[in-house]
Amino acid sequence: MTHTFIKKLYYGDIPEEKGGGSNYQTKDDSTTWPLWEVFIRSKQGLDHKHAGSLHAADAQMAIENARDVYTRRMEGVSIWVVESKYINASNPEEAGELYEPAIDKIYRHPTFYQLPDEVNHM
Amino acid sequence: MPVQDFEQLFQQKIDAEDKIEPKDWMPDAYRKTNIRQISQHAHSEIVGMLPEGNWISRAPSLKRKAILIAKVQDEAGHGLYLYSAAETLGMSREEMINDLHSGKAKYSSIFNYPSLTWADMGAIGWLVDGAAILNQVMLCRTSYGPYARAMVRICKEESFHQRQGFETLLVLSRGTDEQKAMCQDSINRWWWPSLMMFGPKDSESTNSDQSMKWKIKRKTNDELRQNFIDMIAEQIKVLGMTLPDDKLKWNEERKHYDFGEIDWDEFWSVVKGNGPCNKQRLAARRKAHEEGQWVREAAMAFAEKRKLKTKAA
């Protein structure tokens, strides 16, 4: 299978060769703010859930920015932020070894057990 | 495993409506296309703040001012969601910003038109955001997970943008003769550029299948454009205004509105940088970035200093 470069022009997808452009170079920032992952608790009693990420100089700024970006419509009552570099993630290529062992253990689900109708709500 | 097998597995996932996540294997062209599309979408949100920002200080009432500020703030947020989604594909924020400022990366051409009157705040919300929403609703189901999630969030927030735009025009359409004229004039100026937002006609595009096959996009330019025209042609009746196209007519056979020819020379001219406001828009972005540099540096220096202090204590 060969992939041809996509020339189709959808909204927000203008090919570079048609765009003109200049040699303007942004001055290098000597410092780039680190990336943070944001977790929001939408109301008391619920888990914090990953909402997205943002750049900030430190944790306090990350929380303040997260407030502005992710809770403008009362989406949250509590915010966690953690620098993205501290997140360890499982490797998609190991998905087989990690999750397949659970597939054939259907006896771990309540629906595996057939009970007489008289036994309600068990 | 040979590359062909990876590609086959990848396509199987897409066909099964599984989402692709950042750490999953993906073809280079899929990554590239997504980076280009998502970052240009992000740039559109950021540059899109400028025509509206123009009217914040001159909004006709405190209520309208508050609404406009909220809308512009949303757009900054939408830009951020999208930049973050593009970053998961391996392009840094700095690089993206630099490509915008150099003119290498594009943003939606619609923002190269000036916002001349207050009615434009209505027309932008109704027509420009309306056109964008059609795209964005489709993109909620795009195959790249982070992009799809960003779009879901954006669509939730965006619907107020279109409604407030229509309401702004509705108030004007029921106002004085002068306000009515302003309303009509604004619709006249924004109608054709809004139609251009959907891109060239399907018949003029080559290699169009790949984006559809990868389910990055699910509808063609012409399909979306027709949806938009059918929707707006009905809504304008409520305003008692007209659309500036004498060929616009309901076609009973097609069950769609027929419409006149779009000026594609104008479209390409604006894309290439010759629209009424291209230079102004880029200059405003560069200025904001350059003048913010010392703030970014100072914040980082402060954070470092505080870290040292906590360590010492």
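Modeller: In this predicted model, Tyr70(A) and Tyr81(B) are both buried.

Biologist: What makes a residue such as Tyr70(A) count as buried?

Modeller: The cut-off is under 20% relative accessible area. Tyr70(A) and Tyr81(B) are both classed as buried.

Biologist: How many aromatic pairs does the structure hold over all chains?

Modeller: There are 16 over all chains. One of them is Tyr70(A) with Tyr81(B).

Biologist: Why is the pair of Tyr70(A) and Tyr81(B) called stacked?

Modeller: The centres lie 5.5 Å apart and the planes are at 20°. A pair needs centres within 6.5 Å, and planes under 30 degrees apart count as stacked. The Tyr70(A) and Tyr81(B) pair is therefore stacked.

Biologist: How do you know that this pair joins two chains?

Modeller: Tyr70(A) lies in helix α1 (residues 59-70) of chain A, and Tyr81(B) in helix α4 of chain B, so the pair joins two chains.

Biologist: What makes Phe112(A) and Tyr113(A) an edge-to-face pair?

Modeller: The ring centres are 5.0 Å apart and the planes stand at 85°. Planes over 60 degrees apart count as edge-to-face, so Phe112(A) and Tyr113(A) are edge-to-face.

Biologist: Why are Phe112(A) and Tyr113(A) called partly exposed?

Modeller: Phe112(A) has 40% relative accessibility. Tyr113(A) has 47%. Buried is under 20% and exposed over 50%, with partly exposed in between. Phe112(A) therefore counts as partly exposed, and so does Tyr113(A).

Biologist: Why are α1(A) and α4(B) called roughly perpendicular?

Modeller: The axes come within 9 Å and cross at roughly 110°. The range for roughly perpendicular is 65 to 115 degrees. α1(A) and α4(B) are therefore roughly perpendicular to each other.

Biologist: Which residues meet where α1(A) contacts α4(B)?

Modeller: Asp68(A), Val69(A) and Tyr70(A) meet Gln73(B), Leu80(B) and Tyr81(B). The residues of this contact divide into 4 nonpolar, 1 polar and 1 charged.

Biologist: What makes the charge of Arg153(B) sit over the ring of Tyr81(B)?

Modeller: The charged end of Arg153(B) is 5.4 Å from the ring centre of Tyr81(B). CZ of Arg must be within 6 Å of the centre and within 35 degrees of the ring normal. The charged end of Arg58(B) likewise sits over the ring of Trp55(B), 4.4 Å from its centre.

Biologist: How do you know that helix α5 of chain B is mostly covered?

Modeller: In α5(B), 8 of the 10 residues are buried. Among them are Met96(B), Ile97(B) and Leu100(B).

Note on methods:
Residues numbered from 1 in each chain as written. Chains lettered and ligands numbered in written order. Predicted model: local features only at pLDDT ≥ 70, side-chain atom pairs only at ≥ 80, totals over all residues. Heavy atoms only, no water. Buried < 20%, exposed > 50% of the residue type's maximum accessible area, 1.4 Å probe, protein only. Helix = DSSP H or I, 4+ residues; strand = E, 2+ residues; numbered from the N terminus. Phe/Tyr/Trp six-rings, centres within 6.5 Å; stacked < 30°, edge-to-face > 60°. Axes fitted to C-alpha atoms, helices over the stretch in contact; angles between N-to-C directions. Parallel < 35°, antiparallel > 145°, perpendicular 65-115°, else oblique. Contact = heavy atoms within 4.5 Å. Nonpolar A, V, L, I, M, F, W, Y, C, P; charged D, E, K, R; others polar.
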